[in-house]
Amino acid sequence: MAKFSIEAVLPHEHPMILLDELVEFGAETAICRHVITEKSVFFDRVLNGVPSYAGIEYMAQSIAAYANANELLNNRPVEIGFLVSSRKYKCSYSVFTEGMILDITVAKLYKDESGLSAFDCAILCNSEEIATARINVFQPENPAKFLEEQL
């Protein structure tokens, strides 16, 4: 199985790469990981962790890592995508505390011809599901042209 660094599959610059690694990916699923430390983006010293609403962005970046790893596997370039919406985000924690090892799973439900996709996502800690959501994303065929047209 091919292995890609998280920097290779996310079209972001540090510090906005929130994930530590792409653990594994396939044609329909992926698992990414992030360990909560003082260096985590959005870390709050008062809370001793990251507010759990950041979980939505962990999920969105995991979807991007999944999509772009599959693009690289097929000799296509890494492209940007857009988070359209999140539905039913449920998390059993208000804060992801320092030391938590988060495994973020994404499973593609569908992708239509326009570039709109839906994913079931979950965050696990110690193999226990602690957050879930359905995330809708959009990846146009030509992202640069799409952005130009939005101005």
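**A walk through the predicted fold**

In this predicted model, S127 sits in the loop that links β7 (116-125) to β8 (128-138). The backbone of S127 adopts a positive phi of about 65 degrees, although the residue is not a glycine. With a relative accessibility of 69%, S127 counts as exposed, because the cut-off for that class is over 50%.

A second non-glycine residue with a positive phi is F42, for which the angle is about 75 degrees. F42 belongs to the loop between β2 and β3. Its relative accessible area is 45%, so F42 is classed as partly exposed, the class between 20% and 50%.

The loop between β2 (29-35) and β3 (49-51) also holds I36. Here the side of the story is burial: I36 has a relative accessible area of 1% and is therefore buried, as the limit is under 20%. Its surroundings can be listed residue by residue. Beyond its neighbours within four places in sequence, I36 touches F43, G49, V50 and Y58, and also F96, T97, E98, G99, M100 and L102. One of these partners, Y58, is 22 residues away from I36 along the chain, and the two C-alpha atoms are separated by 12 Å.

Another backbone feature is found towards the start of the sequence, in the loop between α1 (6-9) and β1 (21-25), where P15 lies. The peptide bond joining H14 and P15 is cis, with omega at about 15 degrees.

Turning to the chain as a whole, the model contains three helices and eight strands. Their order along the sequence is α-β-β-β-α-β-β-β-β-β-α. Among contacts with a separation of 6 or more, 62% are made between residues 24 or more positions apart.

The overall dimensions can be described in two ways. Along the principal axes, the C-alpha atoms fill a box of roughly 45 × 40 × 30 Å. The radius of gyration is 15 Å, which agrees with the value near 15 Å expected for a compact globule of 151 residues.

As for the surface, 38% of the 151 residues count as buried. The protein chain exposes about 8500 Å², and 52% of that area comes from carbon and sulfur atoms. The chain carries 12 positive and 21 negative charges, and the mean positions of the two sets are 4 Å apart.

Note on methods. Residues are numbered from 1 along each chain as its sequence is written. This is a predicted model: local features need pLDDT of at least 70, side-chain atom pairs count only at pLDDT 80 or more; totals for chains, interfaces and linings use all residues. Side-chain values use heavy atoms; hydrogens and water are left out. Helices (H or I, at least four residues) and strands (E, at least two) are DSSP runs, numbered from the N terminus. The radius of gyration is taken over C-alpha atoms; the globule rule is 2.2 Å times the number of residues to the power 0.38. Buried means under 20% relative accessible area, exposed over 50%, partly exposed in between (1.4 Å probe, protein chains only). Contact means heavy atoms within 4.5 Å. Accessible areas come from the Shrake-Rupley method with a 1.4 Å probe; for residues, only the protein chains shown count as cover. Lys and Arg count as positive and Asp and Glu as negative; His and the chain ends are not counted. The place of a charge is taken as NZ of Lys, CZ of Arg, CG of Asp or CD of Glu.
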